[in-house]
Amino acid sequence: MANDFKGLYGRFAQKYEKQAIEVQTKMLLNYAPQALQEAYDSATFSNRTINLKDSYAWAVYYKGVRKGKGFLSNKEATKTSVFHGEKVNGRQLANQFISKYVSNVTNGWELVMVAAAPYSVCLEGEGFIVLSAAFDSVNKALLNSANVELILNRY
């Protein structure tokens, strides 16, 4: 009489897949703050008010569902910046971005890193490094096994 292992294999495969997803998600949740810190450490701008630093944030998504988020550090700015006549609160902008961001990745993970202060894009455009160094670093760390994009977005 032949044994039928289809049911056993199916249950094992589902359990293994679930555990693998949990492990990969945890690895990205641990990696994200490190990658963001490395991006900040390689920045070439002067951070007079600390609002830009406060605007650095990260989030990890799996199949479009946020699994965790965080910031570079605790809020440090004691005064706001001004950009084009508007007051800038870096931490508030980072919170707004992460709260409103919608992942469109339906199969796999997405790691988002942001410098949400609006002048960060202007600094990058003038040749200063704000987050762009993270592009190569993340790509290298993930061994070119991921689709890594740098999107400079004025929102």
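How much area does the chain expose, and what share of it do carbon and sulfur atoms supply? The exposed area is about 10,300 Å², and carbon and sulfur atoms supply 52% of it. The model described here is predicted. Its chain has 155 residues, of which 38% count as buried.

**Overall architecture**

- The secondary structure consists of 5 helices and 5 strands.
- Along the sequence, these elements follow the pattern α-α-β-β-β-β-α-β-α-α.
- Among contacts in the chain with a separation of 6 or more, 66% are between residues 24 or more positions apart.

**Helix H3: buried and exposed residues**

- Helix H3 spans residues 90-100, and its buried residues are Gly-90, Arg-91, Leu-93, Ala-94, Phe-97 and Ile-98.
- Viewed down the axis of H3, these buried residues fall within an arc of 160°, and therefore they line one face of the helix.
- Ser-99 and Lys-100, on the other side of H3, are exposed.

**Helix H3: surroundings**

- The cover over the buried residues of H3 includes one helix segment, H2 (51-54).
- Strands also contribute to this cover, including S1 (56-62), S2 (65-71), S4 (86-88) and S5 (109-115).

**Helix H3: N-terminal end**

- Asn-89 caps the N-terminal end of H3.
- In this cap, a side-chain oxygen of Asn-89 lies 3.2 Å from the backbone nitrogen of Arg-91.
- Arg-91 is also one of the buried residues of H3.

How values were computed:
Residues numbered from 1 in each chain as written. Predicted model: local features only at pLDDT ≥ 70, side-chain atom pairs only at ≥ 80, totals over all residues. Heavy atoms only, no water. Helix = DSSP H or I, 4+ residues; strand = E, 2+ residues; numbered from the N terminus. Buried < 20%, exposed > 50% of the residue type's maximum accessible area, 1.4 Å probe, protein only. Contact = heavy atoms within 4.5 Å. Areas by Shrake-Rupley, 256 points an atom, 1.4 Å probe, with all protein chains shown as cover. Arc of directions from axis to C-beta. Polar contact = N/O pair within 3.5 Å; in protein donor to acceptor, adjacent residues only side chain to side chain.
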